Amino acid sequence: MQKFYLYNTLTRRKEEFKPIKDNKVGIYTCGPTVYNYAHIGNLRSYIFADILVRVLRYNYGKEAVTWVMNITDVDDKTIRDSKIKYPDLEPMEALQKFTKEYDDLFWQDMTELNVEKPDIITHATDSQYLNEMQVLTKRIVDAGFGYVRDGSVYFDVKKYSQQHKYGQLLNLDMAGFKAGVRIDADEYEKENVQDFVLWKGHKEGEPFWEFDLNGEKLPGRPGWHIECSAMGEKELGCPFDIHTGGIDLKFPHHEN
């Protein structure tokens, strides 16, 4: 077995890779949001992950490596564009039809690039993962780091940062953080520290799922950040070894 080194975005240095568990490697790749064609910049991220997985399997054996990739098939963009393309369909049907088209096109691209399929492919709208997202959201609220406002559930960044380090991946200065500023959007500007949405309350004309949070009915859909948190934990446990994704995901997505 040969030594090899990876750049760690948390420590900002190249480090020798050593599995958390002996000869078992768990790797999670943030997959595409299926609302449009993938371009070469998107695909470069998955080519990198494929090469990394091949190296890991060469070093530790095929069975020792579990590679998970998610498909984000519900978010602001998929909802917006599915309504535009299929205005006559019910919101949930429009979303499912729209995202399946681009999901299929993505895997066609991956096949042409000779990228191997991950061991586990998760979809954010699968009922088993939606349940995990709701369970995780409840855990966060019960731990005192989440709160409900206007039918949505938010992560309390200030309260969390009083007890834990937040903003490490981008070396954020929390001194200027304005408490109580909330954002519903799944994506927002870099270094814009705000309370982010874990569960987004239902709006007219949008698909939604039922959510009973400690006796409070909160129909809606998951926020982007809770999706990967729940799916990664479900399939690999916590902590796992490697989380890959484009450099643009470092903050806020990977941090959150």
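A residue counts as buried when its relative accessible area is under 20%, as exposed when that area is over 50%, and as partly exposed in between; the legends below use these words for a predicted model.

**Figure 1. Overall view of the predicted chain.** The secondary structure of the chain comes to 7 helices and 13 strands, and the C-alpha trace spans about 55 × 45 × 30 Å along its principal axes. The radius of gyration is 19 Å, which agrees with the value near 18 Å that a compact globule of 256 residues would have. Buried residues make up 46% of the 256 residues, and of the contacts with a separation of 6 or more, 69% are between residues 24 or more positions apart. The accessible surface is about 13,700 Å², with 48% of it belonging to carbon and sulfur atoms.

**Figure 2. Helix H2 and its surroundings.** Helix H2 covers residues 76-85, and within this helix Lys-77, Thr-78, Ile-79, Asp-81 and Ser-82 are buried. The buried residues of H2 pack against helix H3 (91-112) and strand E12 (220-222). At the start of H2, a side-chain oxygen of Asp-75 comes to within 3.2 Å of the backbone nitrogen of Lys-77. The side chains of Arg-80 and Asp-81 meet in a salt bridge with an N to O distance of 2.6 Å; Asp-81, with a relative accessible area of 17%, is buried because this value falls under 20%, whereas Arg-80 is partly exposed at 45%.

**Figure 3. The salt bridge between Arg-221 and Asp-76.** The side chains of these two residues meet at 2.5 Å, N to O. Because Arg-221 lies in strand E12 and Asp-76 in helix H2, the pair ties together parts of the chain that are 145 residues apart in sequence. Arg-221 is buried, with a relative accessibility of 2%, while Asp-76 is partly exposed, with a relative accessible area of 27%.

**Figure 4. The salt bridge between Glu-233 and Arg-139, and a salt-bridge network.** The side chains of Glu-233 and Arg-139 meet in a salt bridge at 3.4 Å, N to O. This pair links distant parts of the chain, with Glu-233 in helix H6 (residues 224-236) and Arg-139 in helix H4 (residues 127-142), 94 residues apart. Glu-233 is partly exposed at 27% relative accessibility, and Arg-139 is partly exposed at 45%. In a network of salt bridges that share partners, Asp-50, Arg-54, Arg-57, Glu-116 and Asp-119 are joined. The structure holds 15 salt bridges.

**Figure 5. Cysteine residues without a disulfide.** The structure holds 0 disulfides. The sulfur of Cys-30 has its closest cysteine sulfur in Cys-228, at 3.9 Å, which is too far for a bond because a disulfide requires sulfur atoms within 2.5 Å. Cys-238 is likewise in no disulfide, and the nearest cysteine sulfur, that of Cys-228, is 12 Å away. Cys-30 is buried at 4% relative accessibility, whereas Cys-238 is exposed at 56%.

**Figure 6. The surroundings of Thr-122 in strand E5.** Thr-122 is found in strand E5, which covers residues 120-123, and is buried, with a relative accessible area of 0%. When its neighbours within four places in sequence are left aside, Thr-122 is in contact with Val-68, Met-69, Asn-70, Ile-71, Tyr-129, Met-231 and Glu-235.

How values were computed: Residues are numbered from 1 along each chain as its sequence is written. This is a predicted model: local features need pLDDT of at least 70, side-chain atom pairs count only at pLDDT 80 or more; totals for chains, interfaces and linings use all residues. Side-chain values use heavy atoms; hydrogens and water are left out. Buried means under 20% relative accessible area, exposed over 50%, partly exposed in between (1.4 Å probe, protein chains only). Helices (H or I, at least four residues) and strands (E, at least two) are DSSP runs, numbered from the N terminus. Contact means heavy atoms within 4.5 Å. A polar contact is a pair of N or O atoms within 3.5 Å; within protein, one must be able to donate a hydrogen and the other to accept it, and residues adjacent in sequence count only if both atoms are side-chain atoms. The radius of gyration is taken over C-alpha atoms; the globule rule is 2.2 Å times the number of residues to the power 0.38. Accessible areas come from the Shrake-Rupley method with a 1.4 Å probe; for residues, only the protein chains shown count as cover. A salt bridge is a side-chain nitrogen of Lys or Arg within 4 Å of a carboxyl oxygen of Asp or Glu.
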